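Please look over the sequence and the model shown here before reading on. The report is meant to be read with both in view.

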Amino acid sequence: MINQIFVEREIENHHRVKSILKSFPSSTPIYIDKYGELFNKKKQNFRVQKSFPNLILASKNGKHILQVPKSFGIGSSYNFYFSHMYNCLYDCDYCFLQGMYSSADFVLFVNYDKFENEIRQKMEELKGESVTFFSGYDCDSLAFEKISGFVEHFLPVFEELPNALLELRTKSIQLQPLVSKSPIENCVIAYSLMPHIIAKQIDRKAPSIEKRINVMEKLSKKGWQIGLRFDPLIFGKDWKAMYSNLFSDIFQSVPKKSIHSFTFGPLRFPKEMFKSLIKLNPESKLLSGPLTLRGTKMTYKAEVEFEMINFCTDLIKSYAPEALAFNCSGDF
Ligand code: SF4
């Protein structure tokens with residue numbers, strides 16, 4: 001899965017670097033000055049790298065937590081995101097990371113303490129306010145857990161910050177460390193979902209929807225709160241029947257009381273990013289589908305988008321309270 005490991009010299013003695021290297025005993029790391037030397041190089045081939053990605057262990061400098069757009073949230077007064085990792089094990093057709101980065105290598109920022117300090121500071125500044133921290137913007141929050149130990153580190157941090165909510169956004173069926181810990185109230189495990197048949201075609205390398213639902217069921221039985229993320233909503237023949245079946249499958253397995261929130265988001269790409277995605281995925285049926293330029297975005301026609309969001313919102317209301325629905329259609 002990992003081609004070559006690179007390590008920034010400045011963190012070669014970091015305890016997390018040492019323990020990650022131990023799990024790759026046959027790999028000899030190459031030491032570099034800054035991750036950007038490799039990661040930001042021009043004229044890299046994202047698609048070729050995706051088959052043989054390198055792992056770059058780095059230290060994140062500058063700001064560690066960032067504000068999300070105003071239209072983005074799941075019920076808290078303030079919303080931020082943080083990225084301990086760039087890139088993802090999976091390879092979804094619509095993934096904007098392919099259009100955003102020139103490299104498909106995994107960058108893992110091992111200095112979790114810096115993220116943690118900024119989160120604690122922010123909670124101090126916003127004393128008494130509810131704040132959500134989204135962790136799965138530049139990666140999948142759980143898929144790399146066996147290597148990163150990200151969730152293992154951050155659950156105890158959030159346990160000490162009851163007004164802060166951590167969203168782990170994932171398509172992974174990774175159960176550890178969640179099943180071996182008692183659930184905490186201020187963490188939501190948010191699963192990205194779409195009809196089975198569509199996911200098979202465009203959520204490349206990601207676990208099937210059946211497996212994701214199965215894991216949601218296990219975690220809800222354990223007492224974890226589950227988020228349902230239908231972002232992007234995908235249009236196609238029989239989409240109404242497909243989404244109806246998907247919701248029915250989910251709610252047969254996951255009890256209503258375990259649902260923290262659900263969100264819908266339209267399929268949308270910034271114009272320039274869309275051009276890069278088409279170049280990288282010329283065969284993609286999704287990208288060559290009925291998309292149109294609206295303002296600065298490539299997206300479905302307004303009436304299609306409106307119909308899909310309304311249909312799905314009405315449908316899910318028959319399973320879960322409307323108060324759990326949030327708008328997360330903003331772009332970062
Ligand atoms: S799971 Fe998310 S981050 Fe990973 S490839 Fe798919 S869309 Fe991108």
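The sections below go from the whole chain to its strands and then to the ligand.

## Overall form

This is a predicted model, and the values in this report should be read with that in mind. The protein chain contains twelve helices and 18 strands, and its C-alpha atoms fill a box of roughly 55 × 45 × 35 Å when the box is taken along the principal axes.

For a chain of 332 residues, a compact globule would be expected to have a radius of gyration near 20 Å, and because the protein chain has 20 Å, the two agree. Of the 332 residues, 56% count as buried, where buried stands for under 20% relative accessible area.

## An open sheet of five strands

Five strands make up an open sheet, which runs in the order E2-E1-E3-E8-E6 and has mixed pairing. Strand E2 (30-32) and strand E6 (85-86) stand at its edges with a single partner strand each, so one side of each is left without a neighbour in the sheet.

Within this order, strand E3 (residues 55-58) and strand E8 (residues 106-109) are paired in the parallel sense over four bridges. One residue that can be located in this pairing is Leu-55, whose bridge partner in E8 is Phe-106. In general, the strands of a sheet pair through backbone hydrogen bonds, in either a parallel or an antiparallel manner.

## Strand E9 and its partners

Strand E9 (residues 131-134) is covered on both faces, since Val-131 and Phe-133 on one side and Thr-132 and Phe-134 on the other are all buried. Strand E5 (residues 78-81) pairs with E9 in the parallel sense over four bridges, and in this pairing Tyr-78 has Val-131 of E9 as its bridge partner.

E9 also pairs with strand E10 (residues 164-170), again in the parallel sense and over four bridges. Here Phe-133 has Leu-166 of E10 as its bridge partner. Val-131 and Phe-133, which serve as bridge partners in these two pairings, are thus residues that lie on one side of E9 and are buried.

## The ligand and its surroundings

Which pocket holds the ligand? The ligand sits in the largest pocket, and the residues around it are Cys-88, Tyr-90, Asp-91, Cys-92, Tyr-94, Cys-95, Leu-97 and Lys-171.

By residue class, this shell divides into six nonpolar residues, no polar ones and two charged ones. Asp and Lys count as charged in this scheme, whereas Cys, Tyr and Leu count as nonpolar, and the charged members of the shell are therefore Asp-91 and Lys-171.

Key:
Residues numbered from 1 in each chain as written. Predicted model: local features only at pLDDT ≥ 70, side-chain atom pairs only at ≥ 80, totals over all residues. Heavy atoms only, no water. Near = heavy atom within 4 Å. 1 Å grid on protein atoms, 1.4 Å probe; cavity = no way out; pocket = protein on both sides within 12 Å on 5 of 7 lines; lining within 4 Å. Sits in = over half its atoms within 2 Å of the grid points. Pairing = 2+ DSSP bridges. Rg over C-alpha atoms; globule rule 2.2 N^0.38 Å. Buried < 20%, exposed > 50% of the residue type's maximum accessible area, 1.4 Å probe, protein only.
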